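Colleague: Before we discuss the fold and its packing, could you put the model in front of us?

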Amino acid sequence: MSTHNDSLGWANGSGNFSLEEPENQFILPWWKQLIWTFLFAGMVIVATGGNLIVIWIVLAHKRMRTVTNYFLVNLAIADAMVSSLNVTFNYTYMVNSDWPFGRPYCKISQFVAVLSICASVFTLMAISVDRYMAIMHPLRPRMGRRMTLCIAAGIWVIGSAFSLPMLIFFTTYTQDFTNGDQRVICYAEWPDGSTTESYQEYLYNVLFMVMTYFIPIGSMGYTYVRVGIELWGSQSIGECTQRQLENIKSKRRVVKMMMVVVAIFAVCWLPFHIYFIITSHMPEIINLPYIQEVYLAIYWLAMSNSMYNPMIYFWMNTRFRRGFKQFFSWCPYVQVPPEGLTRREAVTTRFNYSCSGSPEANYRINRNGTLQRTSMANSSFETEKTICESYSYASFKRKRWNSNDPS
């Protein structure tokens, strides 16, 4: 996670900073700085503000405090941290090729970067496991608030352990130019060498990439594929009450939303990891023309992942949409729905659902895969698209049998 300018600082490729350069060659022209400043400033404002609003929506409304929403708060804290405490300072460093913030914050900034990325990834994994257990094993007890908070705290502890080398090995170095200018470089000094020469750093970066990208993407891909097959891929014969229909719709919405969040994460971070792999085996690439602009674009895309999640929540979740409107109710043309936040619109619900049939059922699943609405007051039937095909009747009876198994 060290910045691109760390490697650019080793201009002579010999392991010592070059003292023969007449001036700092990595300062971008003013018009390029203006463009990149606009892009990064917009991203930081949207990411920080949006995630802070997400935290407010969940904590200020009691009925929003569900297991999944607690994890979303954890994710929002990590995204707000990286955008406010790391991106701004790293961007200044990459544009000006000078670190004016001192040695302590050189360590802190890199520590925050790795910590927030670990927290984001592990939180997404925790959400996927929670969704998997709730949908694939609906009769098992759900985790409570205490367990959720313990898992969130454990995520930060593990992330801090991953980030500890940043506090230990990052330092600063002052480079002098022949024209009298100076620049301060924030880089990693590992026990076996400095940045671009340390094999320990290479192993750490490989481990970091595997643990925070490839394993999480594989794990979340598997869980959401299984959940998607369970929710959309099978048909069943049974009956559904109105409450069961609403619960199924709610679970489908949250799974769709989290699938989008994971997909955006994978797309945003893929170029960053590809860049690392290429430059690790072909270090001469960092001396190519326009490589600084290329890295700025890759870095912006990776860091911009922190601003998309609040947009996704607003787009795909009614409760978060109403919460955002309440926050911006002071703005003109923003209309807040009169009803408050209701339990029915919760991202997750305490009610388990099935299509096994019930005396209060208002809907019946036919063998041809259609849904019939029944009414005692009206003998006519209205058919509509199946909502409860996700849980097969046989699957439900199997889960119910297993739940009664004393073993």
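Colleague: How many helices and strands does the secondary structure of the protein chain come to?

Modeller: This is a predicted model, in which local features need pLDDT of at least 70 and side-chain atom pairs count only at pLDDT 80 or more, while totals for chains, interfaces and linings use all residues. Residues are numbered from 1 along each chain as its sequence is written, and side-chain values use heavy atoms, with hydrogens and water left out. Helices (H or I, at least four residues) and strands (E, at least two) are taken as DSSP runs, numbered from the N terminus. Counted in this way, the protein chain has 11 helices and seven strands.

Colleague: What percentage of the 407 residues counts as buried?

Modeller: A residue is buried under 20% relative accessible area, exposed over 50% and partly exposed in between, with a 1.4 Å probe and protein chains only. Of the 407 residues of the protein chain, the share that counts as buried is 52%.

Colleague: How are helix 6 and helix 7 oriented to each other, roughly parallel or roughly antiparallel?

Modeller: The axes, which are lines fitted to C-alpha atoms over the stretch in contact, with angles running from 0 to 180 degrees between N-to-C directions, lie 10 Å apart and make an angle of about 155°. Angles under 35 degrees count as roughly parallel, over 145 as roughly antiparallel, 65 to 115 as roughly perpendicular and the rest as oblique. Helix 6 and helix 7 are therefore roughly antiparallel.

Colleague: Rings pair if their centres lie within 6.5 Å, so how many aromatic pairs are there, and why does the pair of Tyr-213 and Phe-265 count as stacked, edge-to-face or tilted?

Modeller: The rings concerned are those of Phe, Tyr and Trp (its six-membered ring), and planes under 30 degrees apart count as stacked, over 60 as edge-to-face and the rest as tilted. By this rule there are 24 aromatic pairs. In the pair of Tyr-213 and Phe-265 the centres are 6.2 Å apart and the planes stand at 35°, so the pair is tilted.

Colleague: Which parts does this pair tie together, and is Tyr-213 buried or exposed?

Modeller: Tyr-213 has 5% relative accessibility and counts as buried, and Phe-265, at 4%, counts as buried. Because Tyr-213 lies in helix 6 (residues 199–232) and Phe-265 in helix 7 (residues 242–281), the pair ties together parts that are 52 residues apart in sequence.

Colleague: Which residues does Ser-160 touch, not counting residues up to four places away in sequence?

Modeller: Ser-160 lies in helix 5 (residues 145–169) and, at 28% relative accessibility, counts as partly exposed. With contact meaning heavy atoms within 4.5 Å, Ser-160 touches Phe-111 and Leu-115.
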